[in-house]
Amino acid sequence: MTQTTLSEFQRAEDSSRMRSPWLQIVRRIVKNKFALVGILVIFLIVFVALFANVLAPYGYDAQNLDAKEQPPSSAHWLGTDALGRDMLSRLIFGARSAVFVVLLVTTVNLVLGVPLGAIAGYYGGWVDALIMRIVEILFAFPGLLFVFMIAATVKPVILGWARANGLADLARSGYLDYAVVIIALGFVGWGGLARFVRDQVMAVKVRDFVLGAFAVGVPTWKVIYRHILPNALAPIIVLLSAGMGFIALSEGYLSYLGIGLQPPNPSWGNMMAENAGRYWRTFPQSIWLVWVPALILTSIVLAFAFLGDALNEALNPEISD
Amino acid sequence: MVAIVVRRLLWLPVVLFFVSVITFLLGFYAPGDPVQVLLGVHATPDTIERLRHEYGFDKPIFIDPDAFGLAARELSQGKLPLNAIQQFFDTQYFRYIANALHGNFGYSLVKYRDQPVGELIAERLPITLQLNFIALVIGVSLGLPLGILTGLKRNTRFDFTVRTFTLVSISISLLALLPILTFIFSRRQDIFGIQAGPILPMVGGRLSTISGTDFNDCFGGLAPTLIGWGVQPENIPDTRIICLNQLPKLVLPILIESLGYIAIMTRQMRASLIEVLGQDYVRTARAKGLRERSVLVRHAMRNALLPIATILGLSLGGLVEGSFLVESWFGIPGVGALAVDALYAREYYIIVALVLIIAVAYVVALLALDLIRPFLDPRLRQVE
């Protein structure tokens, strides 16, 4: 009898400690096994990306022509490609490329999409009409082809700028490919986010606490920034986390098609493209080199999809009965 | 209602104008000079200048500022500014658009030397349309029933399995799917030393044995081919045999393309059915004692299908866009494969034309949808 009361008391105590909304969200996510696996995968990739130069046994562009097209061995755990580059090292540095591109593209989308969406949703009228018409025009373009056109046009501009400013080494190094990919994907991606933020803001701005904030004389920008956006935040986070996987995938597609990161740069997409060519000729060894990057890409997209689903349910408990 | 329709119709040319301007300018500023490509490295500046003039590349790109001055002069002389208008529209952009409206999208410069881009696209478009249409039909006919079933039996094991399948098939990249499925279907005997039978390698194989024109003769009307092996083309006696051999090879690409449609249809159908089943009018229908079947068909489904109509409309607009990876991987001579070839060869005329055609298809589909929707959903008729 006393036992039960005590444990009940403790449970009540625990639940009061867990009442913080963020802790509750974390607890709901942790309960979801798929989401846990997703988070684990994402952490692993970020960890590998951060410590790539420590973890990788060789450089991503270090060629050893005496040991090309090797099957997996103790020296090269995942074998080597046609130029004698260690596959494992390239995969590890590929994680760095992917994380870098995903983070920066998401940032570009946020910086463009959230303010424009918030302004459109808040002010309505012709501002809303203008911004939404721009988004509509953006949506009319076929995604990948449009990205290609942007990348093709932006690249010479950036290269010319780098050369003119005494950065010829940088122009030669291939680091500018990252800028091209990020600009192209960032420019295409913000439309969906802006439309979404706009709908959220429109729904929130008529609620009582917003009217209350105006009534006590809070300036407009502060109402948007402090009161409206935080309350529209949950669905935006869900959208972003689901979108990150597809940004990684888009980078893979672009690099696979030869538009994104160019071959000396490590990217899972261009590794597949390089090795898929040999796939049809010398089959049994090089199939490995195509599958491993493909499976890593897939698992990242899945990880973000699971995380997005779990976040969706954790942030909107009322829809997941 | 009428106001909305009129506004949409007026908006269409504006969208198309901006889309075409942006596409044209991006293509124009992309690296590579078509005249230089045509004439090669040994061309004299004189020849280059002459060809440039012949093709109109020396004209202003988009807007001719001199036209405004001319218009002011003509107006001050009391004449209609006809010459100014003519000069205004005599720029590269407007010439391109005028040509494009006549089906002339320029010429391929490198890869398909001197072939008109319009012709290149026209002979590949039917193939892509047919493939995508079959994939869409499969997607709808599998996705809708799956979505309804999972929506009705939510949180059961069946629901869970189907949801996982759709999530995986949305997330799994074609980059991963293509090598794996091809491996399973076509090359397995290479590694295990087993002959997998005559069908499997054919299903996974590439269509590399026939060219685009053969494909058109063979599948020019893939649907009639599927129904009754089509009409026998005149000059090629053994087309039917080619067709018979090639047909199994279409199984895998169609299957892969339909996966995405299946997943989207299932998820959307499930979500909208669940949402509709929670509505008051469904409870009312149940409360007044209607049979469950009648509640579902008459009350729930008719509303749940509305978002599906939107997706279907957009998918129909998207039929024009070939899948780059699927078509180039399996050697299907469609629009997607053409786009990939154009990417590799930096054929900007082809890319610009493809972007324009796909964008027009999308915008027109969107417009048609907006016009049709009030007929499907009476609630939309009362807006404004």
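In this predicted model, V147(A) touches A184(A), L185(A), V188(A) and L254(A), leaving aside residues up to four places away in sequence. V147(A) also belongs to the largest nonpolar core, which holds 161 residues. The members of this core that touch the most other members are V147(A), F148(A), M149(A) and A184(A), together with I351(B), L354(B) and V355(B). The core therefore includes residues of chain A and of chain B. As a general point, nonpolar side chains tend to be buried together in soluble globular proteins.

**The two chains**

The table sets out the composition of each chain.

| Chain | Residues | Helices | Strands | Buried residues | Contacts between residues 24 or more positions apart, among those with a separation of 6 or more |
|---|---|---|---|---|---|
| Chain A | 321 residues | 14 helices | zero strands | 44% | 69% |
| Chain B | 384 residues | 20 helices | zero strands | 32% | 68% |

Read along the sequence, chain A is a succession of helices, α-α-α-α-α-α-α-α-α-α-α-α-α-α.

**The contact between the chains**

Where do the two chains meet? In this model, 35 residues of chain B are in contact with 36 residues of chain A. On the side of chain B that touches chain A, the elements giving two or more residues are α1 (2–29), α8 (157–171), α9 (174–186), α10 (188–192), α19 (335–345) and α20 (348–376) of chain B. By class, that side of chain B has 28 nonpolar, four polar and three charged residues.

**A pair of helices in chain A**

Two packed helices are described by the angle between their axes and the distance between the axes. In chain A, helix α5 (residues 87–123) and helix α6 (residues 125–140) pack at an angle of about 140°, and their axes are 7 Å apart. The crossing of α5(A) and α6(A) is left-handed. On the α5(A) side, the residues that meet the other helix are L116(A), I119(A), A120(A) and Y123(A). Their partners in α6(A) are G125(A), V127(A), D128(A), I131(A) and M132(A). The residues of this contact divide into seven nonpolar, one polar and one charged.

**Exposed parts of chain A**

Is helix α10 (residues 208–215) of chain A buried or in the open? Of its eight residues, the number buried is zero, so this helix lies largely in the open. After α10(A) comes G217(A), whose phi is positive, near 85°.

A62(A) is found in the loop between α4 (52–55) and α5 of chain A. A62(A) counts as partly exposed because it has 14 C-beta neighbours inside 10 Å, while a buried residue needs 20 or more. In sequence, A62(A) and S89(A) are 27 residues apart, and in space they are 9.3 Å apart, C-alpha to C-alpha.

**Confidence in the model**

For the complex, the predictor gives an ipTM of 0.73 and a pTM of 0.78. Chain B averages a pLDDT of 75, and 80% of its residues score at least 70. Among the elements of chain B, helix α16 (residues 280–287) has the highest mean pLDDT, 87, whereas helix α13 (residues 222–228) has the lowest, 39. Over residues 188–241 of chain B the pLDDT is below 50. Beyond near neighbours in sequence, this stretch of chain B has 68 contacts in the model.

Technical notes:
Residues numbered from 1 in each chain as written. Chains lettered and ligands numbered in written order. Helix = DSSP H or I, 4+ residues; strand = E, 2+ residues; numbered from the N terminus. Buried ≥ 20, exposed ≤ 12 C-beta atoms within 10 Å, placed from the backbone. Contact = placed C-beta atoms within 7 Å. Axes fitted to C-alpha atoms, helices over the stretch in contact; angles between N-to-C directions. Left-handed = near helix turned anticlockwise from the far one by under 90°. Nonpolar A, V, L, I, M, F, W, Y, C, P; charged D, E, K, R; others polar. Core = buried A, V, L, I, M, F, W, Y, C linked by C-beta atoms within 7 Å. pLDDT = per-residue confidence, 0-100.
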